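The exercises below ask you to read strand pairing, burial and a ligand shell from a structure, and each is followed by a worked solution. Please look through the sequence and the coordinates before you begin.

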Amino acid sequence: MRISYSSLEAFQKCPLKFKFSEIDDIGEPKGKEAVFGNYLHEILKWFYEKDPHFPDMEKLLDYYYRHWSKNDFSWNGNGEEKDYFQEGLRILESFYKNNLPAQSSILDLETKFEVVIEEKEKNGKKHILSGIIDRIDKLPDGRIEIIDYKTGKRIASQKEADNNLQLSLYALAVKNRWPKISLKNISLSLYFLKFNEKIETKRTEEDLLITEEKIIELIHKIQKSKFEPKPSPLCRWCGYQNICPVWRHLFENNDENNYNSVNIEEKIDEYFLLESRKEEIENKLNELKNFIEAYISQTGLKRVFGKNGYFSQITEEKISFNKEKIRDVLSPLGKWEEVIEINAQKIKKIIREIPPESREEIEKAKKIEKIYDTFLITNGNKKDLEEELEE
Ligand code: SF4
């Protein structure tokens, strides 16, 4: 399989998004954050191309200003463009102050790479992974630094950087390009432009082997995938909302929603109206039940009658068994396996408390017996949801 890192990442975030982009070949309209992020990448590329004669801050900001006006920030109209422009200005000023004069020299910018990954267990079946590294520097002490710019609103933790698959893949790419460089001399950095913070990490030979395994595992998942949607807060930035079955309904007009003359919106609203009354009715039922039960206890009666039914008091036992003793009896009869049941909910709970290696083993032992559709009902305002997507 030939695949780019960004596609692999898209699959992890949402298999359906991957399908829209990679299989159905539907171009994704870029959101504001993505346009802004690309723009900052372009400015920084221009700036570092000038190495070692870096433009001063004035020239950098001048280029930013001139280049901005050439860009199509067509989502202008409500002051947002001005906010983004100011934010870019702030980011670049702070970036310049923190990084200049440059201590390192630039080896490459926006470098395209390809890494071949071989499946050892499948007669050497090969996969080609491609990607683009934002910046490769040579540090004064001779080490190589790989820098990936991030423009997101959240900064990663050190642990996240240590486990970041993208950086691991970059380490593989650099090892391919300069095989003589020791991994100890390759520094991998995520540069969070909004915070002007850089988080550095490294990889070992063992990490790279694990990376290859993870990538092969992901490729296998893609090959077997049914490309189901995976709704998450990331949907907000997904350009496929209007064709995605999770959100498409919000974009359709009312006439299209009337399948077989059914106004589904009305039906859903009716459901929630009844649902809200259900709570009121349940409270009243509980109140009556408590009252009748108290009456039975106080009078010593075992059964009390109304016109439409009756209430009875029944004495029951709560039973538990001594697990060891039951096992001793049932095991020799070959019946023990029938009474112990591995419960998926319990495993889900326990999995958070056990070490990562054991978690992986449990994942491997998991087998999907059946895939079925189920329905989840969420009480929420349609307007709020629409606004959430637009934010
Ligand atoms: S909107 Fe969300 S669920 Fe739908 S394709 Fe995009 S990321 Fe996936």
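## Exercise 1: strand pairing

In this predicted model, Ile144 has Ile186, a residue of β5, as its bridge partner.

Task: establish which strands pair with β5, and in what sense each pair runs.

Solution. Begin with strand β4, residues 144-150, which is joined to β5 by seven bridges, the two strands running parallel. Turn next to strand β6, residues 197-201, which pairs with β5 through five bridges in the antiparallel sense; here Leu188 has Thr201 of β6 as its bridge partner. Finally, consider the connection: β5 and β6 make a hairpin with four residues between them, and in the turn Asn196 has a positive phi of about 50°.

## Exercise 2: burial

Task: determine how many residues of β5 are buried, and which residues of helix α1 are buried.

Solution. For strand β5, which spans residues 186-192, five of the seven residues are buried, so that by the criterion of 20 or more other C-beta atoms within 10 Å the strand is mostly covered. For helix α1, residues 5-13, the buried residues are Tyr5, Leu8, Ala10 and Phe11. These buried residues of α1 pack against several elements, including β1 (2-4), α2 (15-23) and α8 (205-224).

## Exercise 3: the ligand shell

Task: identify which residues come nearest to the ligand, and describe how the shell divides by residue class.

Solution. Among the 14 residues around the ligand, those that come nearest are Cys14, Pro229, Cys235, Cys238 and Cys244. Sorting the shell by class then gives eleven nonpolar residues, one polar residue and two charged residues.

Conventions: Residues numbered from 1 in each chain as written. Predicted model: local features only at pLDDT ≥ 70, side-chain atom pairs only at ≥ 80, totals over all residues. Buried ≥ 20, exposed ≤ 12 C-beta atoms within 10 Å, placed from the backbone. Pairing = 2+ DSSP bridges. Near = placed C-beta within 6 Å. Nonpolar A, V, L, I, M, F, W, Y, C, P; charged D, E, K, R; others polar. Contact = placed C-beta atoms within 7 Å.
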